[in-house]
Amino acid sequence: TYTGAALSVGVSAILNTLGGQLPLLLTGLWFGAVPAGFVAMAWRVLALPISLLGLAVSNVLLGELAQAKLEDPRRCKRMFEEAFKSLVPIGLLLLVLGVTVSPAAFEVAFGTEWEGAGEVARAVSPAIAAAFVAGPLRMTLTVLEWYVASVLLDAARLVVTLVVAEVLHANGRTYLITLWGMSISLAVVYLVEILVSWRAVKTLE
């Protein structure tokens with residue numbers, strides 16, 4: 001069990017690190033330094049703080065789920081539902097704000113030369129919002145020892161991102177369209193993660 005957990009965490013960490021760097025790496029490789037700079041700026045200002053907030057929520061939920069599994073496994077389902085109901089409104093708010101105000105907010109905060117970073121923030125908002133909701137909820141996979149499912153989902157996220165990006169780039173799409181495609185496809189995978197996590201927690205009924 002401990003070996004499986006350690007292996008799962010290690011592989012997932014590698015896959016998540018690669019996936020997190022992929023938009024920046026591909027943008028720089030395919031579209032040059034300026035778009036890559038916009039991606040880096042958007043990540044630093046928007047994605048990274050939200051990711052850290054999601055990680056904090058994940059750690060709290062992980063501890064509570066682990067305790068509930070020991071004391072009353074059926075309580076895990078109720079905790080999942082409560083967390084879902086709390087996270088979804090915040091995720092939707094992040095999505096709406098990201099899509100509607102990011103370009104103007106970046107321009108006001110950093111000057112007109114960084115408006116492009118605001119457009120990048122708008123493009124990646126679906127993925128960021130979905131990740132904020134899915135990240136804490138998928139802690140159920142760790143607690144319930146669904147290690148293979150967890151690693152497969154991380155791998156699917158990386159592969160889907162690569163495939164979508166390659167298809168769009170090969171068809172001559174701009175870097176913003178490519179980022180939009182990657183973001184939406186990632187959001188879909190995150191929704192699948194939520195469904196798999198829900199399926200896992202339902203096994204405790």
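## A first look at an all-helix chain

The protein chain exposes about 10600 Å², and carbon and sulfur atoms supply 71% of that area. Please keep in mind that this is a predicted model. Welcome to a chain that holds seven helices and zero strands; helix 4, described further below, has a kink at Val 124.

**Overall build**

- Following the sequence from start to end, you will meet the pattern α-α-α-α-α-α-α.
- The C-alpha trace of the protein chain spans about 55 × 30 × 25 Å along its principal axes.
- A compact globule of 205 residues would have a radius of gyration near 17 Å, so the 18 Å of the protein chain agrees with that expectation.

**Inside and between**

- Of the 205 residues in the protein chain, 40% are buried.
- Among contacts in the protein chain with a separation of 6 or more, 77% come from residues 24 or more positions apart.

**A closer look at helix 4**

- Helix 4 runs over residues 115–137, which gives it 23 residues.
- From its first C-alpha to its last, helix 4 reaches 33 Å, close to the 33 Å expected at 1.5 Å a residue.
- Where does helix 4 have its kink? The kink, of about 50°, lies at Val 124, shortly before the proline Pro 126.
- Is helix 4 mostly covered or mostly open? Helix 4 is mostly covered, with 18 of its 23 residues buried.

Technical notes: Residues numbered from 1 in each chain as written. Predicted model: local features only at pLDDT ≥ 70, side-chain atom pairs only at ≥ 80, totals over all residues. Heavy atoms only, no water. Helix = DSSP H or I, 4+ residues; strand = E, 2+ residues; numbered from the N terminus. Expected span 1.5 Å × (residues − 1). Bend = angle between axes of the 7 residues up to and from the residue. Buried < 20%, exposed > 50% of the residue type's maximum accessible area, 1.4 Å probe, protein only. Rg over C-alpha atoms; globule rule 2.2 N^0.38 Å. Contact = heavy atoms within 4.5 Å. Areas by Shrake-Rupley, 256 points an atom, 1.4 Å probe, with all protein chains shown as cover.
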